[in-house]
Amino acid sequence: MGLADDLLEDARHLAAKGDAENRDSCRRRAISSAYYSVFHLLVEDFVANWPFAGQRARLARMFNHQRMRDASFAPEDKRSPTPVETQVMDVITAFGQLQGDRHRADYDTGWKLVGTDVANAISLAETTFSKWRAVRGEKLARDHLLSMFGAKR
Amino acid sequence: MYLPSAVTKQPEIQAAIDAVETNLAPEVVRIRYEIGEDWSGQWAIFFRVVLTDEAAKRRLRDVASKVIWGLARQLDFPALGVFPYHNFRSVSEQEALQEPAWA
C-alpha cells in the first residue's frame, strides 16, 4: 500500500476515534486525511510514470493544491458526457469538495461539523479512489492529471 | 467588482433545487444555498442539504451522489462562474445545532 491508501485508512481510524470519544479534533483530522489521501493518490499516480525514481519525490512536491483544483476540464458534449468524462468530472468535483472541507477542518474553528460531514468526506475519498483507478489509464484522465500538474492545454 | 452570472440566475438555481428536492424526497428534506467566495477567493455556490436521519446514516453515499448529479445535470456550474460545494447533515444534527442557514 502507498501513502494514499494509508491516509485513507488513517481517516477511517480517526473518524471512529472521533465518534467513540466525541472528539472534534479527530473528526477534523479525519476530514483532512481524507483530502490528503486523494491528493496523494493523484500525485503518486503522476510521479510513478516518471522514469527517474530518484527524482519522483521532488517532482511530487511541485504539485500545487489550488492549481490542481483549478485545472480546467470540459466534456466534448456537455449534454452527453462519455462514461470516462463523467468519471473524471466526478473526481474533479470530489477533489474540490474535499479540498474545501480540509481547509475548513484545519482552519475554521467556527465550523460546527457533524458526523455526516466526516462520513461524507470518507465516502467521497473512497469513491474517488475507485473512480480514478477505473479511468487512470485513459488518455483523457492522463491529460487531466497533466493539467493538474500545471501543464497548459 | 466581478460577480458570477450565478448571482443573476437565482430563479434557475432555485428551480433546479426544487426539482432535486421533489425527485429525491423524502430522503432529501431540503436544500439551501448561498453564493460567495470560498477559502481561495474563488466564487462558489455552497449547497446545504438536510437528509433524513436514515438517509444520512445508512444511504449517504448513494443519496449524496444523486443530489450532486441531480444539481449538476440542471446547472452548468462553469457557465455560472461558480464551483459547487455540497455539505450534508441529518435532521437530528440540524435540530441539535439549530443553524439558521440550514433551516
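**Exercise 1.** Find the sign of the phi angle of the residue just after helix 7 of chain A, and then say what the buried residues of that helix pack against.

*Solution.* Just after helix 7 of chain A, Gly150(A) has a positive phi of about 130°, where helices are DSSP runs of H or I with at least four residues, numbered from the N terminus. This is a predicted model, in which local features need pLDDT of at least 70 and side-chain atom pairs count only at pLDDT 80 or more, while totals for chains, interfaces and linings use all residues. Residues are numbered from 1 along each chain as its sequence is written, chains are lettered from A and ligands numbered from 1 in the order in which they are written, and side-chain values use heavy atoms, with hydrogens and water left out.

Within helix 7 (residues 139-149), the buried residues (under 20% relative accessible area, 1.4 Å probe, protein chains only) include His144(A), Leu145(A) and Phe149(A). The buried residues of this helix pack against helix 2 (24-48), helix 3 (56-60), helix 4, helix 5 and helix 6 of chain A.

**Exercise 2.** Describe how chain A meets chain B, beginning with the residues in contact.

*Solution.* First, 27 residues of chain A are in contact (heavy atoms within 4.5 Å) with 22 residues of chain B. Next, the rule finds 3 salt bridges across this interface, each being a side-chain nitrogen of Lys or Arg within 4 Å of a carboxyl oxygen of Asp or Glu. Helix 4 (65-70), helix 5 (83-107) and helix 6 (115-135) of chain A each supply at least two residues of the side that touches chain B, and helix 5 gives the most, with 12 residues.

Conventions:
Buried means under 20% relative accessible area, exposed over 50%, partly exposed in between (1.4 Å probe, protein chains only).
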